[in-house]
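Visitor: Could you take me through a close look at one helix pair in this protein, and then show me how that part sits in the rest of the chain?

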Amino acid sequence: MDFQIGLVIAGLAVGFVVGLTGVGGGSLMTPILLYFGIPPTTAVGTDLLYAAFTKMGGVFVHHKKGNINWKITGWLTLGSVPAALLTLWILNSIKTDISTINAVIKYSLGWALLFTSIAILFKKKLLVYSQKHAGDKFHSESHTQNMLTIGIGVLLGATVTLTSIGAGALGTVTLFFLYPLLPTPRLVGTEIAHAVPLTLVAGIGHASMGNLDLALLGQLLLGSLPGIFMGSMLSGKVPDLFLRNAIAVMLFLAGYKLIF
């Protein structure tokens, strides 16, 4: 692939949004790659490794600021990585035409974008509801929390491996519900930390199936690494309501276009 400054700028913008809000990685980057004419399988495979390397930079900053709960990250990973490996095995075992797989991934992408946009829009209401019930038995039983966290990890592992979407937005929203007393910056940092092993495993799996464009990956990282560093430094300091709503509307329109 020839060098395109547009891809570097896209990487910078998406990296900044991810660092700032904890959402928008795959859900923004994958539609952008489709817009640039990248096939769905290559877009997903490349985006997964892009997300892994980008979020490593975010983990460095959030860890320094004490914004990561490593215990929650561990429970999520316990569910997501095995689910990602199983999804990769199923994808590799399906002996079908590449155009069929592209069509399935494109359709799955559309639905993932729609659900992600809805999750972002209703995040505030979910947070208020979960904080209201923070003293319930559901929240106070750590064993129940741990099992549900693993279950969320399983769902995220399968969704992210198939579509490269969901680790940030869907993961953060479900964590808001399960851990309502955890401050927002810590939830964002925890989800970014969990996304690294998940997207790395899924990305390497896709790369082994030939779903990776190294030149494309390099151009995206050139922009995203400084972008997520800047965004992470500003996390919690900038009111992001307008930004989140704008992202939600954009993702809904992109998802609608892919499905219908």
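**A helix pair up close**

Guide: Happy to! Let's begin with a neighbouring stretch for orientation: in this predicted model, residues 103-122 are 95% helix and 0% strand, with end C-alpha atoms 29 Å apart. Residues 72-91 are 100% helix and 0% strand, and there the end C-alpha atoms lie 28 Å apart. Both spans appear in an unreviewed UniProt entry under "transmembrane region", where the listed stretches also include 7-26, 32-51 and 147-179.

Now to the pair itself. Helix α4 covers residues 70-93 and helix α8 covers residues 142-163; their axes come within 6 Å and cross at roughly 35°. The crossing of α4 past α8 is right-handed. On the α4 side, the residues making the contact include I72, W75, L76, G79, S80, A83, T87 and L91, while α8 brings, among them, N146, I150, G153, V154, G157, A158 and T161.

Let's zoom in on V154, which belongs to helix α8. Leaving aside residues up to four places away in sequence, V154 touches G79, S80 and A83. From V154 to A83 the chain runs 71 residues, yet their C-alpha atoms are 5.3 Å apart in space. Is V154 buried, exposed or something in between? It counts as partly exposed, because its relative accessible area is 38%, and the partly exposed class lies between the 20% and 50% cut-offs.

Stepping back, the protein is built from twelve helices and zero strands. Of its 260 residues, 53% are buried. Among contacts between residues at least 6 apart in sequence, 86% join residues at least 24 apart, and the V154 and A83 pair, 71 residues apart, gives you a feel for that kind of link.

What about the nonpolar cores? The largest one has 34 residues, and V14, M29, L33, Y50, L216, L220 and L251 touch the most other members. Helices supplying at least two residues each include α1 (5-21), α3 (40-64), α10 (184-208) and α12 (241-259). The top contributor is α5, with six residues. Apart from this core lies another one of ten residues, including L76, I152, L156 and L178. That brings us back to our pair, since L76 of α4 and I152 of α8 are also among the residues that make the helix contact.

Finally, the outside: the protein exposes about 11700 Å², and carbon and sulfur atoms supply 73% of that area.

How values were computed: Residues numbered from 1 in each chain as written. Predicted model: local features only at pLDDT ≥ 70, side-chain atom pairs only at ≥ 80, totals over all residues. Heavy atoms only, no water. UniProt positions renumbered as here; feature names shortened; annotations may be inferred. Helix = DSSP H or I, 4+ residues; strand = E, 2+ residues; numbered from the N terminus. Core = buried A, V, L, I, M, F, W, Y, C linked by side-chain atoms within 4.5 Å. Buried < 20%, exposed > 50% of the residue type's maximum accessible area, 1.4 Å probe, protein only. Contact = heavy atoms within 4.5 Å. Areas by Shrake-Rupley, 256 points an atom, 1.4 Å probe, with all protein chains shown as cover. Axes fitted to C-alpha atoms, helices over the stretch in contact; angles between N-to-C directions. Left-handed = near helix turned anticlockwise from the far one by under 90°.
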